[in-house]
Amino acid sequence: MSELKILVAPSMLAADFARLAEETKRVEEAGADWIHLDVMDGHFVPNLTIGPQAVSALRPVTGLPLDVHLMIEHPERYVSSFIEAGADRITIHAEAAEDLPGLVRQIAHAGKKVGVALRPQTGIEALRPCLEEIDLALLMTVNPGFGGQAFMPEVLPKIEALRRIFKRHIQVDGGINHETGRLTQSAGADVLVAGTYIFRSADPRQAIAALKGEGPPP
Ligand code: DX5
Ligand code: ZN
């Protein structure tokens with residue numbers, strides 16, 4: 001799938017939370033395509049992060065799409081708040097949604113791009129009820145919950161299998177750097193989420209270019 005244009009979505013989880021607006025602008029200027037915001041509730045995953053208030057605070061800061069990754073139980077209770085907050089793209093976990101096709105439709109009818117995420121252990125059959133409706137499938141390449149974990153190569157065959165049947169965005173998230181990113185691209189992924197690799201880099205612009213295959217790693 002080398003003809004796919006590679007998009008990079010920096011995960012703000014690895015940014016300096018005291019300076020989220022500046023960090024958002026910094027990665028926008030460094031060539032980011034989307035801003036990836038990780039929402040965690042302490043139930044679906046054992047960590048807590050941000051809610052709709054932070055999304056609406058960042059909305060005026062950037063012209064880039066806000067790509068909201070909901071790692072929460074009962075996503076149906078909260079999607080409308082994230083839509084109102086200014087999310088452009090909302091990704092829900094298949095494992096968390098009670099009525100996955102219904103929730104996908106609700107987000108799409110609100111005019112937002114909708115994605116469905118799978119934990120590394122969840123098979124792509126879980127996408128079947130909504131595969132025609134979604135704009136993006138997120139195949140987690142770590143167990144969701146924390147930044148800075150090691151990439152799980154066992155997800156690569158799942159990316160290949162999904163790419164055979166799915167023509168829209170395949171996003172990968174977790175442990176992505178220029179090497180693991182290239183492996184996922186060869187398997188068929190086209191949207192790379194990266195937190196640690198971009199924000200811990202001395203040169204985020206070079207890190208983003210390396211993820212896109214447009215230059216050497218920093
Ligand atoms: C993990 C989050 C990721 C995380 C990625 O549950 O969904 O977006 O921030 O961080 P890195 O790139 O550091 O693995
Ligand atoms: Zn994420």
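Me: Helices are DSSP runs of H or I with at least four residues, and strands are DSSP runs of E with at least two, both numbered from the N terminus. In which helix is the place of T180?

Reply: This model is predicted: local features need pLDDT of at least 70, side-chain atom pairs count only at pLDDT 80 or more, and totals for chains, interfaces and linings use all residues. Residues are numbered from 1 along each chain as its sequence is written, chains are lettered from A and ligands numbered from 1 in the order in which they are written, and side-chain values rest on heavy atoms, with hydrogens and water left out. The helix that holds T180 spans residues 178-187; its name is α6.

Me: Is T180 buried or exposed?

Reply: Relative accessible area decides the matter: under 20% is buried, over 50% exposed and anything in between partly exposed (1.4 Å probe, protein chains only). T180 has a value of 12% and therefore counts as buried.

Me: Which residue offers its backbone oxygen to a polar side-chain atom of T180?

Reply: Beyond its neighbours within four places in sequence, T180 is in contact (heavy atoms within 4.5 Å) with F151 and G175. A polar contact is a pair of N or O atoms within 3.5 Å; within protein one must be able to donate a hydrogen and the other to accept it, and residues adjacent in sequence count only if both atoms are side-chain atoms. At 2.9 Å from such a side-chain atom of T180 lies the backbone oxygen of G175.

Me: What arc do the buried residues of α5 cover?

Reply: Helix α5 comprises residues 156-165, and its buried residues are L156, K158, I159, L162 and R163. Among the elements that cover them are β5 (113-118), β6 (136-140), β7 (169-173) and α6, whereas R164 and I165 are exposed on the other side of α5. The arc, taken from the directions from the helix axis to the C-beta atoms, places the buried residues on the same side of α5 because it is only 155°.

Me: Why do the buried residues of α1 lie on the same side of that helix?

Reply: In α1 (residues 20-29) the buried residues are L20, E23, T24 and V27. They pack against β1 (7-10), β2 (35-40), α2 (52-58), α7 (196-199) and α8 (204-211). They share one side of α1 because the arc that they cover around the axis is only 100°.

Me: Which are the edge strands of the eight-stranded sheet?

Reply: The sheet is open, with parallel pairing, and its order is β1-β8-β7-β6-β5-β4-β3-β2. Two strands pair if DSSP finds at least two bridges between them; four bridges join β1 to β8 (residues 191-194). Each edge strand pairs on one side only, and these strands are β1 and β2.

Me: Which residue has a polar side-chain atom 2.7 Å from an oxygen atom of ligand 1?

Reply: Around ligand 1 there are 20 residues with a heavy atom within 4 Å, the closest being S11, G145, D173, G195 and T196. A backbone N or O atom of G195 lies 2.7 Å from an oxygen atom of the ligand, and a side-chain N or O atom of H36 is 3.5 Å from one. The residue whose polar side-chain atom lies at 2.7 Å is D173.

Me: What is the phi of H74, which is not a glycine?

Reply: H74 belongs to the loop between β3 (66-71) and α3 (79-85). With a relative accessibility of 27%, H74 is partly exposed. Its phi is positive, at about 50°.
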